[in-house]
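Trainee: Please give me a close look at a single part of this model, the interface. I should then like to see the other local features set beside it in one connected account.

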There are 2 protein chains.
Amino acid sequence: QGEQKPFQRVIDVSCGDPHRAGMPPLSFARQVLAVCLYPELLKESSFPVDVRQRAEKLLGACNGGSVGSYSASSCGIPQIQKSVAEFITRRDGGVASDPEDIIFSSGSQKTLKLVLHLLSSGQGPTQTGLLTPLPCPHTLPMLLDEVGVKLVPYQLLEERGWAIDLEELHRALKAARRHCEPRAIYISNPGNPTGHVQDLKTIEEVIRFAASERLVLLVEEVYQDSVFGQDKKFLSYKKVLFEMGASFSESVEMVSFHSISAGTMGECGLRGGYMEVINMDLLVKNFLTSMQGPSSPPVLPQLALEIMVNPPSPGDASYEVFTQEILQKVETLAQNAQRACEFLNAVPGMSCQPAMGGVFLYPRLHLPAEIIQEAQRSGLRADVLYCKKLLEEEGVCLGPGSENGHDDENYHIRLCISAPTAVLEDVLKRLRSFHLWIQDRHH
Amino acid sequence: QGEQKPFQRVIDVSCGDPHRAGMPPLSFARQVLAVCLYPELLKESSFPVDVRQRAEKLLGACNGGSVGSYSASSCGIPQIQKSVAEFITRRDGGVASDPEDIIFSSGSQKTLKLVLHLLSSGQGPTQTGLLTPLPCPHTLPMLLDEVGVKLVPYQLLEERGWAIDLEELHRALKAARRHCEPRAIYISNPGNPTGHVQDLKTIEEVIRFAASERLVLLVEEVYQDSVFGQDKKFLSYKKVLFEMGASFSESVEMVSFHSISAGTMGECGLRGGYMEVINMDLLVKNFLTSMQGPSSPPVLPQLALEIMVNPPSPGDASYEVFTQEILQKVETLAQNAQRACEFLNAVPGMSCQPAMGGVFLYPRLHLPAEIIQEAQRSGLRADVLYCKKLLEEEGVCLGPGSENGHDDENYHIRLCISAPTAVLEDVLKRLRSFHLWIQDRHH
């Protein structure tokens, strides 16, 4: 409203939107998509040969050789379902994936909503409940509200870097069974917003828990390519499930979500992803496919997905540039995570667990009693008031932990670290300056 | 299944999917979108200067200057809402359009479904009914089934080129009120699949009818740029409504649907469009916006929409090429419509009304009694059996009139004429040969 502010521009790092923060897209992906849109570019010699070859291959999979035609079926382009299944099989060291289990989506939130819609039933003590980690992805609580599924919280262990605790799962389930019917458990790995990466033992425990309690596993694995913690690597729930033997792999119902918005692609604006649906009834799969809408899914996000699951190979003209860009992105994430964690832990009244993957940090705030009381007077939670004031005073938009489901006396903020180093530094300095100011004011 | 067929390839002209049939995309649109995806192309001198300028402008409207970021709001990119409103205002000779009335969609079918969902309520005699033209767009009957809205048919007058008849509207409404609650009337203009273009008098009559019967007007106007009948031009319902004075323009509830899939753009694969929502409650508008999903709409279809509503102007570098391409497309449509109509009317046992706009012809079949009986024995309608055999014998896929809501003793087929002339000729020849064969067989 024209008021003078001490900052030049607002920086919004509350969501995982890397391009908005200034991270560049992957050149190979954008080159191929540009050629698919305007095939005259095939004649331009400036593009690497594998860009042209890929574009020709993808256009060959489109009806009439054009991205302007409807997809072949309401499931999408069959060749791309196949590419995704092959990617999953490679990723999981040979554990087979069936193209018919792959359902395209315009973003993992949208498919998650469909799945929850399907699970949702009852009310009061018969209402469907979803075991939900706290903290959880910030879009999840609202989604559960919309579809009428009860959020059944299980606490992640902050002091152990936000790991899952089996005893806590049992406690949460037992407590919940008194007032709803828990039907599924939600997992985010690598963790949004915690940055935690689960190890084999944890995943096995969770699968055994889901199997014995007959819970559907909803596994969000969108940051699978963004693991940077030392000696950490991504293990898919699917791989672990199938290595636990037939008694598990043939019975546990699981949906795994992946997306072109997250990780090194970061193509949020294109809106695309897939889910792999395992051990689910055929009727359920047909419902999930048909509920996407009366018409076929958009073509370009499917092509972007094909590029994500099928990057250039050694020997391809784009291989080196592509590999460099990926390395640089993951390296930037790793450096940003470490730098921000150390920086925030050095600010009085803040503490932060190190991240091993994903694009968020989730530091804890130790707030003066005065601001908590001020928040209570305004009918706000203190983390929400904190973020509001931070935006007003310093032009930095972070996410309050309330959005991630936290509603107790612990206050946290959410911070996307998938940003150019200079942007992150700017955010950190403004955040520290604000945090010191707010503590000073109250002492 | 490996069986030898007398044709080389299947031609599918049952849907309005021009790129699939081989119609080229608009160069300006594809060039701008390619540059937006891969801005390095800004440095390529081979693109016209206005392509680069437009791309820079559109990227400037994207968060972080990238199509890879989420849209600014769940309504989409505000500048593009504004562009659409300005387009409507120009189109309607100055009748104002409010950017806040513009809601983006991933295709007009999807938004129509949301609107119908909102209107849907009751069952038995209280079930919501929709006055629906027969024939109607082939996707509509299934959509109504899905959302639980009753199809209340009103017959278009074939012998008057599929015009609307006011008396028939009154008859249909009166008959329907005995077994449901008609709440809205669906209009397709230019008509899908009839090719009829409504005149001022008809539109005024329909608006007066909707006003006095308190029906919501759902107006599908996706072929507004594809009118080619002599002395015919497209008049929007919005324009006519507002020229009828405040007693109408301030009260009649109306939703107009437009799409980048239809007309000269023909970008079915991108999945984008908008609806303009007039005289509707603010709550309704908010619902329609929020129901699009938990996240923001895809960026590229919005950019394509901006290009559609804001084509190159005289003096712009791309103006001549663009204008030529548009002229050529409309000219091809006009020639195809005339050629196919004359051709079909010369086939014994077929008759066809001339089209004045849109991309379909809807010829009538006069079938031998034997094929009707054969269909009855197989539990099919004769038009469905006809299309099935046509596909098997000649490799041509047309749409049976049953899909367009026709279920009486009149049989029709639907035929998309937005195709290269050679493809159309091939379709016509195969159709005639099949039609003569099937009549011969039964005499």
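Mentor: A polar contact is a pair of N or O atoms within 3.5 Å; within protein, one atom must be able to donate a hydrogen and the other to accept it, and residues adjacent in sequence count only if both atoms are side-chain atoms. The model is a predicted one.

Let us begin with the extent of the interface. Chain A and chain B together bury about 3600 Å², and 58% of that area lies on carbon and sulfur atoms. Each side is accounted for by residue count: 43 residues from chain A and 43 residues from chain B take part in the contact. How many salt bridges are there between chain A and chain B? The count is 0. Polar contacts, by contrast, are found there: 18 residue pairs across the interface of chain A and chain B meet the rule, both residues having pLDDT 80 or more. On the side of chain A that touches chain B, at least two residues come from each of α1 (18-21), α2 (27-37), α5 (108-119) and α12 (299-309) of chain A. Of these, α2(A) gives the most, with 7 residues. Sorted by class, this side of chain A holds 17 nonpolar, 18 polar and 8 charged residues.

Salt bridges do occur elsewhere, since the search of the whole structure finds 48 of them over all chains. In chain A, A:R91 pairs with A:D92, with 2.9 Å between the closest N and O atoms. A:D92 counts as buried because its relative accessibility is 1%. In chain B, the side chains of B:R91 and B:D92 also meet in a salt bridge, at 2.9 Å from N to O. The two partners fall into separate accessibility classes: B:R91 is partly exposed at 21%, whereas B:D92 is buried at 1%. The cut-off for buried is under 20% relative accessible area, so 21% places B:R91 outside that class.

A further salt bridge in chain B joins B:E213 and B:R177, at 3.0 Å from N to O. This pair links distant parts of the chain, 36 residues apart: B:E213 belongs to helix α8 (residues 200-213) of chain B, while B:R177 lies in the loop between α7 (166-176) and β5 (181-188) of chain B. B:R177 is partly exposed, with a relative accessible area of 42%. In chain A, shared partners join A:R54, A:K57 and A:E306 into one network of salt bridges.

B:K285 offers a polar contact within a single chain. This lysine sits in helix α11 (residues 282-290) of chain B and is buried, at 10% relative accessibility. Its side chain makes a polar contact of 2.6 Å with the side chain of B:D101. Leaving aside residues up to four places away in sequence, B:K285 touches B:E100, B:D101, B:I103 and B:V277.

The cysteines come next. Over all chains, the disulfide count is 0. Why is A:C136 unpaired? Its sulfur is 14 Å from the closest cysteine sulfur, that of A:C15, which is too far for a bond. A:C136 is also buried, at 0% relative accessibility. B:C268 is likewise in no disulfide, the nearest cysteine sulfur, in B:C416, being 8.8 Å away. B:C268 too is buried, at 0%.

B:C15 is placed in the loop between β1 (11-12) and α1 (18-21) of chain B. This cysteine is partly exposed, with a relative accessible area of 31%. Apart from residues up to four places away in sequence, its contacts are B:H138, B:F360 and B:C416. B:C15 and B:H138 lie 123 residues apart in sequence but 8.6 Å apart in space, C-alpha to C-alpha.

Finally, some backbone features in loops deserve attention. The peptide bond from A:N192 to A:P193 is cis, with omega near 5 degrees; A:P193 is in the loop between β5 (181-188) and α8 (200-212) of chain A. In chain B, the bond from B:L134 to B:P135 is cis, with omega near 0 degrees, and B:P135 lies in the loop between β3 (128-134) and α6 (140-147). Positive phi values also appear at residues other than glycine. A:D231 has a phi of about 60 degrees and is exposed, at 79% relative accessible area. B:R214, with phi near 55 degrees, is found in the loop between α8 and β6 (216-220) of chain B and is exposed, at 74%.

Notes:
Residues numbered from 1 in each chain as written. Chains lettered and ligands numbered in written order. Predicted model: local features only at pLDDT ≥ 70, side-chain atom pairs only at ≥ 80, totals over all residues. Heavy atoms only, no water. Salt bridge = Lys/Arg side-chain N within 4 Å of Asp/Glu carboxyl O. Buried < 20%, exposed > 50% of the residue type's maximum accessible area, 1.4 Å probe, protein only. Helix = DSSP H or I, 4+ residues; strand = E, 2+ residues; numbered from the N terminus. Contact = heavy atoms within 4.5 Å. Buried area = accessible area lost by both parts, 1.4 Å probe. Nonpolar A, V, L, I, M, F, W, Y, C, P; charged D, E, K, R; others polar. Disulfide = S-S within 2.5 Å.
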